[in-house]
Amino acid sequence: NGTGWLRTSNGKASWATRCKCRQRTIEEVIRGAGVSMRHCSARLTDFSDDVQTAVRRFIEKPEDGVFIGGPTGTGKTHLAAAIVHALLESRKAVRFIRAEDLYSEIRATYKSEGPTEANILSQYCDVPVLALDDLAGGSLSDYERRTTLNLLDRRWNEKRPTVVTCNWSLEEIGERMDARISSRLRGCAAIILGGHDRRARR
């Protein structure tokens, strides 16, 4: 009757299920989690068996999270999106955002009467799993360093796993950003990607 629900019965019990007309496709769910159109088709099978094993181990027992490192173009964002896909298929709540977009979203609160900085930050601190893409890809202002530390520290204290991608090693993050940031990431499972630039035409 237009509610979007169907009643199903086995003779002993009845229950309601979502009608197919109201079920979102997995692509819509992934896009809704913040993954870009280019990466919404990313799958773990796009990577080596070793990478797949490491990610599946994380999904089964998330702990602090995953740190994905490697040079530009080696598939870090693609892998983070694939992890988001796998988590969503496992019915785990996850959010994906580029670090620079997070900073911009928070800065926008200074010019409006809408959500506050605390409101925005809490959204990303409280989500069960967060994928933070391209850490250190911005201007590295004091504001960005403080925001990053605040976010990671709050998530670390509440044992909420974070997937982080970065072109730098943990040592470089400690030297160029903040030793406290690299310290929070050292508890993560590390996956370092290499090889050719995936964006280059071959």
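This note goes through a predicted model of a protein chain, point by point.

1. Overall make-up. The protein chain has 202 residues, and 42% of them are buried. Its secondary structure comes to 8 helices and 7 strands. The C-alpha trace spans about 65 × 45 × 35 Å along its principal axes. Take the contacts between residues at least 6 apart in sequence: 73% of these join residues at least 24 apart.

2. Length of helix H2. Helix H2 runs over residues 49–60, which is 12 residues. At 1.5 Å a residue, a helix of that length should span 16 Å. The C-alpha atoms at the ends of H2 are 16 Å apart, so the model agrees with the expected value.

3. The two sides of H2. Which residues of H2 are buried? They are Val 51, Gln 52, Ala 54, Val 55, Phe 58 and Ile 59. These buried residues cover an arc of only 165 degrees around the axis, which means that they are on the same side of H2. Asp 49, Asp 50, Arg 57 and Glu 60 are exposed on the other side of H2. The cover over the buried residues includes strands E3 (65–69), E5 (129–135), E6 (162–166) and E7 (189–192), together with helix H3 (76–89).

4. Thr 53. Helix H2 also contains Thr 53. Its relative accessibility is 40%, so Thr 53 counts as partly exposed, a class that lies between under 20% for buried and over 50% for exposed. Thr 53 and Gly 4 are 49 residues apart along the chain, and their C-alpha atoms are separated by 39 Å.

5. The largest nonpolar core. This core has 30 residues, and Leu 79 and Ile 83 are the ones with the most contacts inside it. At least two residues of this core come from each of H2, E3, H3, strand E4 (94–98) and E5. H3 gives the most, with 9 residues. Apart from neighbours within four places in sequence, Leu 79 is in contact with Leu 44, Phe 47, Val 51, Val 55, Ile 68, Ile 191 and Leu 193. Two of these partners, Val 51 and Val 55, are among the buried residues of H2.

6. A second core. There is also a second, separate core, which has 29 residues. Among them are Cys 125, Leu 130, Leu 149 and Leu 185.

7. Helix H4. Ala 99, Leu 102, Tyr 103 and Ile 106 are buried in H4. Seen down the axis of H4, they fall within an arc of 95 degrees, so they line one face of the helix. They pack against E4, helix H5 (117–126), E5 and H6.

8. The aromatic pair. How many aromatic pairs does a search of the whole structure find? It finds 1. The partners are Tyr 103 and Tyr 143, in an edge-to-face arrangement with 6.4 Å centre to centre and 70 degrees between the planes. The angle counts as edge-to-face because it is over 60 degrees. Tyr 103 is in helix H4 (residues 99–108) and Tyr 143 is in helix H6 (residues 142–157), 40 residues apart, and the pair links these distant parts of the chain. Tyr 103 has a relative accessible area of 3%, so this residue is buried. Tyr 143 has a relative accessible area of 14%, so this residue is buried as well.

9. Thr 147. This residue is in helix H6. At 6% relative accessibility, Thr 147 counts as buried. Leaving aside neighbours within four places in sequence, Thr 147 is in contact with Tyr 103, Ile 106 and Leu 121. Tyr 103 and Ile 106 are also among the buried residues of H4.

10. Charges over rings. Arg 176 has its charged end over the ring of Trp 168, at 4.6 Å from the ring centre. Arg 184 has its charged end over the ring of Trp 156, at 5.5 Å from the ring centre.

11. Positive phi values. Glu 63 is not a glycine, yet its phi is positive, about 50 degrees. Glu 63 is in the loop between H2 and E3. Ala 136 likewise has a positive phi, near 70 degrees. Ala 136 is in the loop between E5 and H6. Is Ala 136 buried or exposed? At 15% relative accessibility, Ala 136 counts as buried.

Definitions and conventions:
Residues are numbered from 1 along each chain as its sequence is written. This is a predicted model: local features need pLDDT of at least 70, side-chain atom pairs count only at pLDDT 80 or more; totals for chains, interfaces and linings use all residues. Side-chain values use heavy atoms; hydrogens and water are left out. Helices (H or I, at least four residues) and strands (E, at least two) are DSSP runs, numbered from the N terminus. The expected span of a helix is 1.5 Å times one less than its number of residues. Buried means under 20% relative accessible area, exposed over 50%, partly exposed in between (1.4 Å probe, protein chains only). The arc is that of the directions from the helix axis to the C-beta atoms. Contact means heavy atoms within 4.5 Å. Rings of Phe, Tyr and Trp (its six-membered ring) pair if their centres lie within 6.5 Å; planes under 30 degrees apart count as stacked, over 60 as edge-to-face and the rest as tilted. A charge sits over a ring if NZ of Lys or CZ of Arg is within 6 Å of the ring centre and within 35 degrees of the ring normal. A nonpolar core is a set of buried Ala, Val, Leu, Ile, Met, Phe, Trp, Tyr and Cys residues joined through side-chain atoms within 4.5 Å.
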